[in-house]
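Subject: Structure for your review

Dear colleague,

Please find below the structure that I am handing over to you. My findings follow it.

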Amino acid sequence: MSKVARDVLTGWEVLVVEDELDSQEVAKRLLKRYGATVHTADNGRQALEVLKEVSPHFILSDLSMPELDGWGFVYELQQDRSTSEIPIFALTAHAMKGDRERAIAVGFYNYLTKPLTPATFIDDLVNILRAVPQLGDKLATA
C-alpha cells in the first residue's frame, strides 16, 4: 500500500502513452485512484493529437511503440513551444545500465521500469515528481 495521501494528484491532468493495454490500464487506474484525470494514447502519434486538446501536468510514455516511439515522441515535444516544458517520464522494460542516462540525455526527465508494480508505482512516481521544480511544490503535502 502506498505511503502517499489518496488525493496527492487531485486536480492533476496526466497523459499516459503506452501501447501495451495492460500497462496502460494499470497506470490509468492507479493514477485515478490518487485523484488524477488520466488521458491515454496508444503511441506517440496519438499522443500528439491528444496534446492539441489537453495540457497535462506530466506525461508517462513507453519507449517502444508502433508509429511513433517514445524517443521520437520526446523529440517532437521538444520542437513545439507549447509542449517543450511538459515533464515527460519514460516507462520502460529496458532497464539496463546506461538506459536512464540515455533517456535523460534525449529529454526525458526520469524513468520508471515496467512491469508496473501496483504496490510501489505511486510511491515511485511521487518520488520522481518531487524532483521536478514545477511539480515538486504541488506535492508538498504528499
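In this predicted model, the buried residues of α5 are Phe121, Ile122, Asp123, Leu125, Val126, Ile128 and Leu129. That amounts to 7 of the 10 residues of the helix, so α5 is largely enclosed by the rest of the structure. The cover over these buried residues includes α1, β3, β4, β5 and α6 (133–136).

The same helix matters for the account of the nonpolar interior. The largest nonpolar core has 27 residues, and those touching the most other members are Leu9, Leu31, Phe58, Leu60, Phe121, Leu125 and Leu129. Two or more residues each are given to this core by β1 (13–17), α1 (21–33), β3, β4 (88–92) and α5. The most come from α5, which gives 6 residues.

Leu31 shows how these parts meet. With its neighbours within four places in sequence left aside, Leu31 is in contact with Leu9, Val14, Val16, Ala36, Val38, Phe58, Leu60, Phe121, Ile122 and Leu125. There is also a second, separate core of 20 residues, which includes Leu15, Val74, Ile86 and Ile88.

Turning to the overall fold, the protein has 6 helices and 5 strands. Their order along the sequence is β-α-β-α-β-α-β-α-β-α-α. The radius of gyration is 14 Å, close to the 14 Å that the globule rule gives for 142 residues, so the protein is as compact as a globular protein of that length. Along the principal axes, the C-alpha atoms fill a box of roughly 35 × 30 × 25 Å.

Some totals for the protein may also be of use to you. Of the 142 residues, 46% are buried. Among contacts with a separation of 6 or more, 64% are between residues 24 or more positions apart. The exposed area is about 7,500 Å², and carbon and sulfur atoms supply 48% of it. The protein carries 15 positive and 21 negative charges, and the mean positions of the two sets are 5 Å apart.

Three individual residues deserve a separate note.

Thr92 belongs to strand β4. Its relative accessibility is 2%, so Thr92 counts as buried, the cut-off being under 20%. Apart from neighbours within four places in sequence, Thr92 is in contact with Leu63, Tyr111, Leu112, Thr113 and Lys114.

Lys114 also takes part in a cis peptide bond: the bond from Lys114 to Pro115 has omega near 5 degrees. Pro115 is placed in the loop between β5 (110–113) and α5 (121–130).

Glu67 has a positive phi of about 70 degrees, although Glu67 is not a glycine. This residue lies in the loop between β3 (58–62) and α3 (70–79). At 66% relative accessibility, Glu67 counts as exposed, since the cut-off for that class is over 50%.

When you examine the model, I would suggest the following order of reading:

- α5 with its buried residues, among them Phe121 and Leu129;
- the core of 27 residues, to which α5 gives the most;
- the cis peptide bond from Lys114 to Pro115;
- Glu67, with its positive phi.

Yours sincerely

Terms used: Residues numbered from 1 in each chain as written. Predicted model: local features only at pLDDT ≥ 70, side-chain atom pairs only at ≥ 80, totals over all residues. Heavy atoms only, no water. Helix = DSSP H or I, 4+ residues; strand = E, 2+ residues; numbered from the N terminus. Rg over C-alpha atoms; globule rule 2.2 N^0.38 Å. Buried < 20%, exposed > 50% of the residue type's maximum accessible area, 1.4 Å probe, protein only. Contact = heavy atoms within 4.5 Å. Areas by Shrake-Rupley, 256 points an atom, 1.4 Å probe, with all protein chains shown as cover. Lys, Arg positive; Asp, Glu negative; His and termini not counted. Charge placed at Lys NZ, Arg CZ, Asp CG, Glu CD. Core = buried A, V, L, I, M, F, W, Y, C linked by side-chain atoms within 4.5 Å.
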